[in-house]
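Colleague: Could you walk me through how the helices and the core are arranged in this one? I'd like to follow the reasoning as we go.

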Amino acid sequence: MVATTLSRISSLRPRSPHNPRVYYLTFLSCLGSWMFGYNNGVIAGVLVLPSFYRDFNLPTVGTKEYNNVTGNIVSLLQIGGLVGSLGTFGVMKYWGRRGAMIASGAVYLVGAVMQTFCHGGLPLMFAGRFFSGIGTGGATVVVPLYIAELAPPSIRGSLVGIYEINNQLSSLMGYWCNYIVNEYIPSISSRQWQIPLAVQIVPSALLILAAIFILPESPRLLVKKGNKLQARKNLAWVRKLDPDHELVNREMREIEDAIRMQNTPPPRVVHRHSGGKLGLFKELCWKGNRERVLIALGLMFGQNLTGIQGVNFYTPTVFKSIGFDGTKVVLLASGMFAAVKTIATILSLSFFIDRLGRRKLLLTSSVGTSLALWYIGAFVTAKHIDLSKPQEKSVAGWIAIVCVYIYAAFFSFAWNGVVWVYCAEIFPIRIKELAACICTATQWLSQFAIARASPTMLTEWKGGFFFFFASCLVVMGSLVFWLVPETKGKTLERMDDVFGSAYGDVVEVELGNYRREGREKGIFERGKAKPVDEEGGVAEVVEN
């Protein structure tokens, strides 16, 4: 009898939507992050494997011809990423988040197979890299958006952070996969470079299967398309609650109210909206939106001006330039570089981002990475390093090596993950998809420029390669100090307090804190929301 009573009490107790299922779905969707991160980590080591150098008949290391070939192999992924990130907007709109993940995984899978079985043919390798880039570009747009739309508001930031943590874990795996095949597979076998590239097939195939059989469609997207019944079922399943549960009912009302306001803007906003197919693009330039777009674009472009893409893709070359020699030692050092980045990213996104804030992390990261690069550049310049010749180790050289790891730690402390979190949280729901596609495309475009130029910069500029990015960090740190506002502790509803609103004095997005308060005061009439302001008065409703 006691057991029965306890069971009944347990069934009546409110259940939190913060259940293991939402984490499970987050990690499954982060298979798209593994597509991106593993590729970034693996390609640098593959390029220096003896079997790859032999099978593809690459030119002499350090020559202009060698730089062109390796630059093309690396940078074609970024060109594909640019195409994929822009093309995903239409795919998400018509086929949904699950459809976009399936399409991204399928295109990436084709590219991975082409790279693995190109048998030393550069044209097929180039094509495979481009197709993998398209899939990766799509995944980098849809996965963070999907996680944000499924996540309960109170843990949205940490769940989006899991995306970047998985990115670093997969990059770490890529570095160490190269070390393992170099250690245990003889260089006379083509399997030495094929196995690391073949591993790319795994996350893309698993993402396709997860999107088909496990991952639910975004409830918000289903409401937009008018399928409210399925939206309710999906939301209840994600929250592990009954479809008629009070929490599900409340969240569904909030989603429906938000969509209704978007579809029926107040008269004052309608005139500004009449832009036809270019309406959303015009909204990006409205005051209140414009500042957010410019800051997000600056952060995305600035992330690559830290030099991380050049260092990531050419880590073995960088280590050779400061004294390491031998493929085994270089790959080991590169693997440790990835491990430092991973640990720093986990610490930053798990413990510091919501305690210290975004601005402090970005400023600290800018100072630390800049100082490390200034020293490395000074060492390379003073020692007249020649990449085509083995370098002698020295005390100054060991300090330079330590500075590489300091650079990795400080970069990952903020410029690595904080940028993605900041850009995911600042946009109004109305323009979020379009803004995310444009910002991610900027990320890929700047990645391409840096990755393509890095081999030549390392060979011809020598220490100037590091001086250039150190100078960029000084400029970017100054811009963060003067132009980037803090968003720590702000809900999505309160971002307008930071940036201003393009839609009116009170903007309602995503979760209706004001809307709930309005219902309690009885000022809502059949979905015509009249939210209250901070003083408790009725405020004007405008579309977001």
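Modeller: Happy to; what follows is a set of questions and answers on a predicted model.

Colleague: Let's begin with a helix pair: are α6 and α22 parallel, antiparallel, perpendicular or oblique to each other?

Modeller: Helix α6 covers residues 122-150 and helix α22 covers residues 432-461; their axes lie 10 Å apart and form an angle of about 140 degrees. Roughly antiparallel would need an angle over 145 degrees. The angle of about 140 degrees therefore makes α6, relative to α22, oblique.

Colleague: Which residues of α22 make the contact with α6?

Modeller: On the α6 side, the contact uses T136, G137, T140, V141 and L145. The residues of this contact divide into five nonpolar, four polar and two charged. From α22 come K432, E433, A436, C437, T440 and W444.

Colleague: Nice. Turning to the nonpolar interior, which helix gives the most to the largest core?

Modeller: The largest nonpolar core has 64 residues, and F337, L362, W415 and F427 have the most contacts inside it. A second, separate core has 35 residues, including A151, V160, A211 and V238. With nine residues, the helix giving the most to the largest core is α20, residues 395-413.

Colleague: You mentioned F427; which residue of α22 that also contacts α6 does F427 touch?

Modeller: Leaving out residues up to four places away in sequence, F427 touches R292, V293, A296, K432, A435 and C439. The α22 side of the contact with α6 includes K432. The residue named in both places is K432.

Colleague: How many of the eight residues of helix α21 are buried?

Modeller: Helix α21 spans residues 418-425, and it is largely enclosed by the rest of the structure. Its buried residues are V418, V419, W420, V421, Y422, C423 and E425. Of the eight, the number buried is seven.

Colleague: Is L371 buried or exposed?

Modeller: L371 sits in helix α19, residues 358-382. Its C-alpha is 9.4 Å from that of L473, though the two are 102 residues apart in sequence. The cut-off for exposed is over 50% relative accessible area, and L371 has 56%, so L371 counts as exposed.

Colleague: And N178, is that residue buried or exposed?

Modeller: N178 belongs to helix α7, residues 156-184. Beyond its sequence neighbours up to four places away, N178 touches G41, V42, G45, V46, L49, P196 and L331. L331 is 153 residues away along the chain, yet the C-alpha atoms of the two are separated by 7.0 Å. At 0% relative accessibility, N178 counts as buried.

Terms used. Residues numbered from 1 in each chain as written. Predicted model: local features only at pLDDT ≥ 70, side-chain atom pairs only at ≥ 80, totals over all residues. Heavy atoms only, no water. Axes fitted to C-alpha atoms, helices over the stretch in contact; angles between N-to-C directions. Helix = DSSP H or I, 4+ residues; strand = E, 2+ residues; numbered from the N terminus. Parallel < 35°, antiparallel > 145°, perpendicular 65-115°, else oblique. Contact = heavy atoms within 4.5 Å. Nonpolar A, V, L, I, M, F, W, Y, C, P; charged D, E, K, R; others polar. Core = buried A, V, L, I, M, F, W, Y, C linked by side-chain atoms within 4.5 Å. Buried < 20%, exposed > 50% of the residue type's maximum accessible area, 1.4 Å probe, protein only.
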